[in-house]
Amino acid sequence: MASFRTSAHVGTSPCSSSTFRRSPSPNFAARITGSSFPRVRCALSPLPKWRESRRLVSFSLVLSQFLILPNNAIAGSLFDKYVKKKKLDPLEVYIPPVILTELQIKDLVKTLEVDKPEYANCRSQLRSGPAASLRVNIRAVAQYASDAGNGKTAFDDVDQCLRALEDLDSLLLRASRNEGRTSVDSMKAKIGTALNALDSLLQTVPSDVLNKGKAIADAYRTAVEDVETEAVDPEIKQLESIL
């Protein structure tokens with residue numbers, strides 16, 4: 001009678017392997033009796049000890065690199081070659097647009113004080129001009145403050161400002177759709193919170209850089225107002241030229 005012997009080894013633990021013997025059914029034995037099929041023996045043996053030891057040594061060497069290196073060294077060695085960090089522009093580049101955005105937000109208060117505020121236009125003002133890049137600009141300023149040792153305060157100001165503006169935008173959206181009860185006072189409160197956070201953030205900027213930024217912002221705003229005056233009142237401009 002033909003028999004099959006199979007040795008099955010599971011895992012690489014030092015436990016002894018189990019041997020399973022099974023006799024085939026009579027019908028199966030009758031079919032293969034006298035046939036030309038060779039006797040088959042299946043054996044699943046564990047890896048030789050020298051291969052297993054070699055694999056464990058290789059794994060230990062790789063793991064030791066992570067255990068020995070500090071976290072920042074691991075991050076640098078693994079990711080710096082794949083991730084290119086954008087280098088910040090000089091601090092002077094970010095200050096004027098932040099100041100202009102601050103003035104832009106202050107103008108919203110005047111817009112809300114009319115009898116029937118146009119809430120949709122107020123939302124557009126938060127997304128146009130210098131305000132459109134506020135998130136990038138104030139985070140860059142906070143990064144410079146962090147390099148100078150004032151990171152926690154600066155990034156807290158950034159979070160507070162952005163959160164207040166998001167809440168303001170939500171209030172303006174609901175008011176434009178007549179959804180729920182919204183008040184102009186609550187909108188002004190959010191504006192005040194955002195402005196206070198921006199003022200606190202700008203206090204981390206060196207005085208010479210801040211003064212230069214204010215001068216640039218004032219010059220830009222004056223130029224824009226002059227252009228708007230010429231476009232809106234061409235007759236006044238013509239009258240001035242006659243006089």
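Asn137 counts as buried because its relative accessibility is 8%, where buried means under 20% relative accessible area, exposed over 50% and partly exposed in between (1.4 Å probe, protein chains only). The model is a predicted one, in which local features need pLDDT of at least 70, side-chain atom pairs count only at pLDDT 80 or more, and totals for chains, interfaces and linings use all residues. Residues are numbered from 1 along each chain as its sequence is written, and side-chain values use heavy atoms, with hydrogens and water left out.

Asn137 sits in helix H6; helices (H or I, at least four residues) and strands (E, at least two) are DSSP runs numbered from the N terminus. Leaving aside residues up to four places away in sequence, Asn137 touches Tyr94, Pro97 and Val98, a contact being heavy atoms within 4.5 Å. Helix H6 has 14 residues and spans 20 Å from its first C-alpha to its last, close to the 20 Å expected at 1.5 Å a residue; that expected span is 1.5 Å times one less than the number of residues.

Asn137 has company on the inside of H6: Leu134, Ile138, Ala140, Val141, Ala142 and Ala145 are buried as well. An α-helix has 3.6 residues a turn, so residues three or four places apart point the same way. The buried residues of H6 pack against H4, H7 and H8. After H6 comes Gly149, with a positive phi near 95°.

From H6, the view widens to the nonpolar core. The largest such core holds 40 residues, and Ile95 and Ile138 have the most contacts inside it; a nonpolar core is a set of buried Ala, Val, Leu, Ile, Met, Phe, Trp, Tyr and Cys residues joined through side-chain atoms within 4.5 Å. At least two residues of this core come from each of H4 (91–112), H5 (119–125), H6 (134–147), H7 (151–176), H8 (184–202) and H9 (207–232). The most, 10 residues, are given by H7. Ile138 itself touches Val98, Val158, Cys161, Leu162, Leu198 and Leu201, again not counting residues up to four places away in sequence.

Turning to the protein as a whole, there are 10 helices and 3 strands, running β-β-α-β-α-α-α-α-α-α-α-α-α from the N terminus on. Of the 243 residues, 24% are buried. Among contacts with a separation of 6 or more, 70% join residues 24 or more positions apart. The accessible surface comes to about 17700 Å², 55% of it belonging to carbon and sulfur atoms; accessible areas come from the Shrake-Rupley method with a 1.4 Å probe, and for residues only the protein chains shown count as cover.
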